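Visitor: I am new to this structure and would like a close look at its salt bridges. Please start there, and then follow the connections to whatever lies around them.

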Amino acid sequence: MKKLSALVLVAALAILASPASAHVTLATSMSSWGSYYEAILRVPHGCDGAATTALSVAIPEGVISVKPKVMPGWTIKTKSATYKDSYVLHGKSVSEGVTSISWSGGAVPDDRFETFTFLVKLPDDKEIMRIYFPVTQTCGLIKVEWNEISKVGENAHMLKHPAPFVDLMAAHDGMEDMHH
């Protein structure tokens, strides 16, 4: 009976743990203010058994110098718009730039995973502790919005559809800063 109870407990924990591992996340969840950050979105599955056929990410205000990585077999499109504020990039003021990236034309089977990568310059604002990158995952006719924002003190991984995020902090020894 003890073995059965232990097995039931392990199965219950596996079920509870599985949603957290099924979310679209960023491979590196910490970076420093004002740094260049290689955002690697991990898409661990399709949608209810269907293959992922498109992905889009919204670039939040204050994140600039956005450059998606070439991804063979996928069409990459960016949308640009005017920022609410202006920012300094290489000593020059910028007031517009990429506000979203979309990948389409490929297919990632439900039992496979893929990464979608882009480079950005993070804000150099010590008031900003976390930046969210809302994602829309498309699997044929099915769309899943990974856009839920956690409240202060709430575990983002416990949300049903959490937006991928990166926490910001001061740079420290050993933390490499990527250059464009």
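Guide: R112 and D111 join their side chains in a salt bridge, with 3.2 Å from N to O. This is a predicted model, and a search of the whole structure finds three such bridges. D111 has a relative accessible area of 59%, over the 50% that marks a residue as exposed, so D111 counts as exposed.

Another of these bridges links D124 with K126, whose closest N and O atoms are 3.0 Å apart. D124 is exposed, at 54% relative accessibility, whereas K126 is partly exposed, with a relative accessible area of 48%.

Then there is the salt bridge between D167 and R130, at 2.6 Å from N to O. D167 belongs to strand 12 and R130 to strand 9, so this pair ties together parts that are 37 residues apart in sequence. Both partners are partly exposed: D167 has a relative accessibility of 22%, and R130 has 30%.

The two strands that carry this pair also meet through their backbones. Strand 9 and strand 12 (residues 165-169) are paired in the antiparallel sense, over three bridges. One place to look is I131, whose bridge partner in strand 12 is V166. Both strands are part of an open sheet of three strands, in the order 2-12-9 and with mixed pairing. At the edges of this sheet stand strand 2 (30-32) and strand 9 (130-132); each has a single partner strand, so one side of each is left without a neighbour in the sheet. From one strand to the next, the twist averages 30 degrees.

Strand 12 also leads to the interior. The largest nonpolar core has 31 residues, and L41, V57, I59, W103, F118 and F133 are those with the most contacts inside it. Strand 12 is among the elements that give two or more residues to this core, along with strand 3, strand 4, strand 7 (92-108), strand 8 (114-121), strand 10 and strand 11 (142-146). As background, nonpolar side chains in soluble globular proteins tend to be buried together. Within this core, I59 can serve as an example: beyond its neighbours within four places in sequence, I59 is in contact with V66, V98, T99, S100, I101, F118 and F133. There is also a second, separate core of seven residues, including Y36, Y83, V94 and L119.

Strand 10 (residues 135-139) contains V135. With a relative accessible area of 1%, V135 is buried. Setting aside residues up to four places away in sequence, V135 touches V24, L41, L55, S56, V57, V144, E145, W146 and P164. Another comparison involves N147, which is 12 residues from V135 in sequence and 6.3 Å from V135 in space, C-alpha to C-alpha.

Strand 10 also holds one end of a covalent link. The search of the whole structure finds one disulfide, formed by C47 and C139, with their sulfur atoms 2.0 Å apart. C139 is in strand 10, while C47 is in the loop between strand 3 (36-43) and strand 4 (52-58), so the disulfide ties together parts that are 92 residues apart in sequence. The link is right-handed, with 60 degrees about the S-S bond. Both of its ends are buried: C47 has a relative accessible area of 3%, and C139 has a relative accessibility of 3%.

How values were computed. Residues are numbered from 1 along each chain as its sequence is written. This is a predicted model: local features need pLDDT of at least 70, side-chain atom pairs count only at pLDDT 80 or more; totals for chains, interfaces and linings use all residues. Side-chain values use heavy atoms; hydrogens and water are left out. Helices (H or I, at least four residues) and strands (E, at least two) are DSSP runs, numbered from the N terminus. Buried means under 20% relative accessible area, exposed over 50%, partly exposed in between (1.4 Å probe, protein chains only). Contact means heavy atoms within 4.5 Å. A disulfide is a pair of cysteine sulfur atoms within 2.5 Å. Two strands pair if DSSP finds at least two bridges between them. Axes are lines fitted to C-alpha atoms, for helices over the stretch in contact, and angles run from 0 to 180 degrees between N-to-C directions. A nonpolar core is a set of buried Ala, Val, Leu, Ile, Met, Phe, Trp, Tyr and Cys residues joined through side-chain atoms within 4.5 Å. A salt bridge is a side-chain nitrogen of Lys or Arg within 4 Å of a carboxyl oxygen of Asp or Glu.
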